[in-house]
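Please open the structure in your viewer and keep the selection panel at hand. The tour below goes from one selection to the next and says what is found at each stop.

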Amino acid sequence: MNSLFPNVQWETIWAATSETLYMTGMAVVATFIVGIVLGLLLFLTSKGNIWENKLANTIISSVVNIFRSIPFIILIILLIPFTKVIVGTILGADAALPALIIGAAPFYARMVEIALREIDKGVMEAAKAMGATTAQIIWKVLIPESLPALISGITVTAIALVGYTAMAGVVGAGGLGNLAYLEGFQRNHNDVTFVATVLILVIVFIIQFIGDFVTSKIDKR
Amino acid sequence: MITLSNVTKIYKAASGSVTAVDHVNLHVAEGEIFGIIGYSGAGKSSLLRLLNGLEKPTSGEVIVDGKDMGKISGSELRQARQQIGMIFQHFNLLWSRTVRENIAFPLEIAGVPKEERQKRVDELIRLVGLEGREEAYPSQLSGGQKQRVGIARALANRPKVLLCDEATSALDPQTTDSILDLLVDINQRLGLTIVLITHEMHVIRKICDRVAVMENGKIVEMGEVLQVFRKPEQPITKRFVKQVTEPEETKEAMAHLFDQYPNGKLVQLTFVGDSTEQPLITQLIRQFDLTVNILQGKISQTHHGAYGVLFVHLAGANDAIERALAFMRQQQVEVEVMASE
């Protein structure tokens, strides 16, 4: 093993892996919540829906589009002052979280909106005809009926987030991206880059597997 | 139970406004099965949605069970809606819930406690005949079973009114009949008022007490189903009645007969109620010097008695035919002499 990967220090690799998992995990949970809230707002304020409101819809939609369009590596740099204020530092895994969430949530919000639009209008009409409140329609109709699409959407977003953590790593967030860049690229240790790449692939495959499994379990259509 | 006075519904669109419901006046008595028939775009769907406040009238008053559905809003409207069940052409079930959970849905909305919900759902499953399918998901059910779930769900909060939006239009004829039988059954057992919209005269014939015919947002004809069948006044009503009474092949057979018997008359006889049981043809042949050729006959059962149509060809001397027609007109039979086209 050591002859194959002469420059690899396994303790450092595991530490970096757990940092990557931590950043991805925290960011996925936050993106899921923020994205669903934004997606619901986008959907409910759109034309012909319960909270139809052109102004609100335009504002949310613009914000989502702007943050979705900024390349992630630039977003991290733009957010440095913001990160400094709310996290207190611009180094380490926690410092990467604001940028990860702000980068991924708008992307996921659009997927949520599309998933909600796929719901049969008749089902919402039926719920209204039964006297359901808006909160009941959200919790008992919109979210359960779009859940498979919400899960497959968060799977895609989570995989994108693994990529984002690697980029964040380059500017000091730690994790496998940071390791591959500092140890692998800058010191020209290709074996470290290789191991980091394989571990990122494994993480991606596991996320995809879990996502597909959960989606197929809950989809009763 | 339901009163509409001078109700108009206008939709404003970029391309101009559309009058979907045009000065409609209507009264539906408690326990009645009231049918509204019309082609698509006639406004019947908007009219039905005015009854549970899914649409608000532009002007006029919609009173359902004493409540002005056009005026109330918020929790008062939601309370009122729990007393009005609704079923749909495409069932509109939640695919993520089992049969049992779908039926429990309106009970959850109404805030019924869990044990009570369970009990009520079991009752409803028996009522609509879905025993053994409780844990199935909608995707595992046939169309007829889905509509049974829809009906059970609509009845869950013991409503006083049931609205049916083309409830059988997506079903095959046999399933349609079983769903219609179920509707009549719950109407009689629960004393439920039913308002249904359809484009199929068959549905009106089979279960309705009264019918309204809609065209361009207006009710053009309204009355007891049997009366409307016997004496349709408007052209559109005649066309709907023909859906049930005059199959396509009759037309072809008649065209053929006009060729074959240039003399004599083709007559359509319409019998209602007791007159369906008279031996009219026997009397005709005995009393007049005529040849009577029966082309086509049909008896349909409506909710309020039988309704028959007979197409016959009369051949003989002209004055004998005239006397025969006069005789038949005295016998509570509608007589229509068909013209060759």
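Is the crossing of helix 2 of chain A and helix 5 of chain A left-handed or right-handed? Keep in mind while looking that this is a predicted model. The crossing of these two helices is left-handed.

**Stop 1: helix 2 and helix 5 of chain A**

Select residues 54-69 of chain A for helix 2 and residues 93-117 of chain A for helix 5, and you will have two helices that pack at an angle of about 125°, with their axes 8 Å apart. Two packed helices are described by the angle between their axes and the distance between the axes. Because angles of 65 to 115 degrees count as roughly perpendicular and those over 145 as roughly antiparallel, the arrangement of helix 2 of chain A relative to helix 5 of chain A is oblique.

Next, show the side chains at the contact: helix 2 of chain A brings Val64(A), Phe67(A) and Arg68(A), while helix 5 of chain A brings Ile102(A), Pro106(A), Phe107(A), Ala109(A) and Arg110(A). Colouring these residues by class gives six nonpolar, no polar and two charged.

**Stop 2: helix 6 and helix 7 of chain A**

Now select helix 6 (121-129) and helix 7 (134-173) of chain A. These helices pack at an angle of about 160°, with their axes 11 Å apart, and this makes helix 6 of chain A roughly antiparallel to helix 7 of chain A. Their crossing is right-handed.

At this contact, Val123(A), Met124(A) and Ala127(A) of helix 6 of chain A meet Ile137(A), Val141(A) and Glu145(A) of helix 7 of chain A. By class, the residues of this contact are five nonpolar, no polar and one charged.

**Stop 3: chain A as a whole**

Zoom out until all of chain A is in view, and you will find nine helices and zero strands. Along its principal axes, the C-alpha trace of chain A spans about 70 × 40 × 25 Å. Of the 221 residues of chain A, 39% count as buried. Among the contacts in chain A between residues at least 6 apart in sequence, 70% join residues at least 24 apart.

**Stop 4: where chain A meets chain B**

With both chains displayed, turn to the place where they touch: 19 residues of chain A are in contact with 19 residues of chain B. The two helices of the second stop come back here, since helix 6 and helix 7 of chain A each supply at least two residues of the side of chain A that touches chain B. That side of chain A has eight nonpolar, four polar and seven charged residues.

**Stop 5: chain B and its two domains**

Hide chain A, and look at chain B by itself, which has 12 helices and 14 strands. Its C-alpha atoms fill a box of roughly 80 × 50 × 35 Å, taken along the principal axes, and of its 341 residues 40% count as buried.

Colour residues 2-232 of chain B as domain 1 and residues 246-338 of chain B as domain 2, following the domain assignment. The C-alpha centres of these two domains of chain B lie 39 Å apart. Their contact takes 11 residues from domain 1 of chain B and nine residues from domain 2 of chain B.

Which elements give two or more residues to the side of domain 1 of chain B that touches domain 2 of chain B? They are helix 7 (201-207) and helix 8 (225-230) of chain B, and the largest share, four residues, comes from helix 8 of chain B. The residues of this side of domain 1 of chain B divide into five nonpolar, no polar and six charged.

**Stop 6: two asparagines of chain B**

Most residues other than glycine have a negative phi, and most peptide bonds are trans. Select Asn6(B), which has a positive phi of about 55° although it is not a glycine, and which is found in strand 1 (residues 2-13) of chain B. Is Asn6(B) buried or exposed? Asn6(B) counts as exposed, because it has 11 C-beta neighbours inside 10 Å.

Finish at Asn92(B), another residue with a positive phi of about 55° that is not a glycine. Asn92(B) is placed in the loop between strand 6 (84-88) and helix 3 (99-109) of chain B. Because it has 23 C-beta neighbours inside 10 Å, Asn92(B) counts as buried.

How values were computed:
Residues are numbered from 1 along each chain as its sequence is written. Chains are lettered from A and ligands numbered from 1 in the order in which they are written. Domain bounds come from an automatic or database domain assignment. Two residues are in contact if their C-beta atoms, placed from the backbone, lie within 7 Å. Ala, Val, Leu, Ile, Met, Phe, Trp, Tyr, Cys and Pro count as nonpolar, Asp, Glu, Lys and Arg as charged, and the others, Gly among them, as polar. Axes are lines fitted to C-alpha atoms, for helices over the stretch in contact, and angles run from 0 to 180 degrees between N-to-C directions. Angles under 35 degrees count as roughly parallel, over 145 as roughly antiparallel, 65 to 115 as roughly perpendicular and the rest as oblique. A crossing is left-handed if the near helix is turned anticlockwise from the far one by less than a right angle, and right-handed if clockwise. A residue is buried if 20 or more other C-beta atoms lie within 10 Å of its own, exposed if 12 or fewer, and partly exposed in between; C-beta atoms are placed from the backbone.
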